[in-house]
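Open the model in your viewer and set it to cartoon. The stops below say what to select and what is there.

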Amino acid sequence: MDRRSLGRTGLEVAPIGFGAVKIGRNRGLKYPRGHALPDAAGVGRLLHGIVDLGINLIDTAPAYGTSEALIGRHLAARRDEIVLATKVGERFGDGRSTFDFSAAGLRRSIDASLRALRTDAVDILLLHSDGHDLDILAHSDAVPVLMEARERGRARCIGLSGKTVAGARAALGWADVLMLTYNLDDASHAPVLAEAAAAGVGVLVKKALASGHLDAAAAIAFATAPAAVGAAVIGSLSLDHMRQNLAAARDPAAAHGTPRATPGDRPHA
Ligand SMILES: NC(=O)c1ccc[n+]([C@@H]2O[C@H](COP(=O)([O-])OP(=O)(O)OC[C@H]3O[C@@H](n4cnc5c(N)ncnc54)[C@H](OP(=O)(O)O)[C@@H]3O)[C@@H](O)[C@H]2O)c1
């Protein structure tokens with residue numbers, strides 16, 4: 001089983017992670033097509049199937065509707081097989097997102113996530129930015145509360161799931177992990193990849209397929225090529241797609257011709 005080191009976190013992840021949005025939420029998303037939420041049995045089959053494939057990173061958030069509760073229900077018994085990531089700062093209800101970066105709101109959210117996920121601690125806790133990355137980092141309680149959660153053993157690693165290059169750079173000073181967009185349509189974070197690697201900060205790529213708007217094999221080869229990338233976290237309701245995605249990351253040439261190089265790429269160790 002191929003595993004990549006996630007920066008200096010000590011976590012080892014398969015090159016494809018599972019982004020658990022679609023199992024719990026079907027409103028206000030950027031996918032090409034709408035989807036019906038799967039029933040509980042379907043979610044169980046999907047989650048167990050994904051772990052059985054060897055995909056060990058599961059990425060969720062309070063903003064993903066019922067996603068955390070479904071993961072807790074189906075995967076609590078397999079907790080030691082997975083690297084569990086969730087987020088804090090955004091919630092989703094009545095068809096819209098709301099954000100609360102106050103210390104009390106963040107602590108409440110962490111408590112609720114651990115209850116829903118049926119665990120004492122997550123492996124990765126990310127700040128779920130509303131897009132104003134620098135403002136949140138500089139003027140909210142978020143970073144101290146994340147550090148407190150790590151000190152109290154409620155999160156093994158902390159970091160930022162942001163939207164801006166400036167935010168990602170600012171987080172390099174305190175984060176263990178960055179989640180950032182990096183795909184064939186938007187490689188604006190490319191310079192941050194090398195900076196994160198130099199700082200020992202792990203990188204998780206979100207939206208590698210531009211939320212389903214790119215050819216999957218080529219997009220995965222691109223997103224997982226940089227040595228700094230621990231995993232590309234892909235959203236899906238299809239076990240077949242996740243199997244294909246893992247194959248494309250493991251053997252990009254076989255999946256879709258030669259992988260595209262990006263400036264500053266280093267070969268995988
Ligand atoms: N701010 C944040 O923190 C943030 C924001 C966005 C995303 N994320 C994380 O990143 C994850 C990925 O982002 P995303 O879900 O927006 O987009 P994505 O991974 O770029 O694309 C997912 C879409 O691609 C389709 N897909 C996946 N594999 C495929 C394949 N082999 N062939 C054809 N289609 C395929 C999926 O449909 P099927 O169901 O048909 O496979 C799904 O609709 C999220 O799930 C979430 O965990 C975080």
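Select helices α3 and α5, which cross in the right-handed sense. In this predicted model, α3 covers residues 103–117 and α5 covers residues 142–151. Their axes are 9 Å apart, and the packing angle is about 35°. Now show side chains at the contact: Ala103, Leu106, Arg107 and Ile110 come from α3, and Ala142, Val145, Glu148 and Ala149 from α5. Six residues of this contact are nonpolar and two are charged, with no polar ones.

Next, select the strands β3, β4, β5, β8, β9, β10, β11 and β12. In that order they form a closed barrel of eight strands with parallel pairing. Neighbouring strands are turned against each other by 30° on average, direction ignored.

Where does the barrel join β3 to β12? Strand β3, residues 16–19, pairs with β12 in the parallel sense over four bridges. To see one position of this pairing, select Gly17, which stands opposite Val233 in β12.

Stay with the sheet and add helix α7, residues 190–199. Helix α7 packs on the sheet and touches β10 (177–181), β11 (202–206) and β12. The direction of α7 makes about 170° with that of β10. Then add helix α8, residues 216–224, which lies across β3, β11 and β12. Helix α8 runs at about 150° to β12.

Now turn to the open space. The largest pocket has a volume of about 1000 Å³. Which residues should be selected to find the centre of this pocket? Val21, Leu29, Tyr31, Lys207 and Ser211 are the closest to the centre, out of 41 lining residues. Colour β7 (96–99), β12 (229–235) and α9 (239–250) as well: these elements each give two or more residues to the lining. By class, the pocket lining has 14 nonpolar, 16 polar and eleven charged residues.

The last stop is an enclosed space. How many cavities of 30 Å³ or more does a search of the whole structure find? The search finds one, and the largest cavity has a volume of about 30 Å³. Select Asp133, Leu160, Gly162, Lys163, Thr164, Ala168, Leu178, Met179, Leu180 and His189 to show its lining. Strand β10 gives the most to this lining, with three residues. The cavity lining divides into five nonpolar, three polar and two charged residues.

Notes: Residues are numbered from 1 along each chain as its sequence is written. This is a predicted model: local features need pLDDT of at least 70, side-chain atom pairs count only at pLDDT 80 or more; totals for chains, interfaces and linings use all residues. Side-chain values use heavy atoms; hydrogens and water are left out. Axes are lines fitted to C-alpha atoms, for helices over the stretch in contact, and angles run from 0 to 180 degrees between N-to-C directions. A crossing is left-handed if the near helix is turned anticlockwise from the far one by less than a right angle, and right-handed if clockwise. Contact means heavy atoms within 4.5 Å. Ala, Val, Leu, Ile, Met, Phe, Trp, Tyr, Cys and Pro count as nonpolar, Asp, Glu, Lys and Arg as charged, and the others, Gly among them, as polar. On a 1 Å grid over the protein atoms alone, a cavity is a set of points where a 1.4 Å probe fits but cannot get out, and a pocket is an open set with protein on both sides within 12 Å along at least five of seven lines; lining residues have an atom within 4 Å of a point. Grid points are joined across faces, edges and corners, and a volume is the space filled by probe spheres set on the points. Two strands pair if DSSP finds at least two bridges between them.
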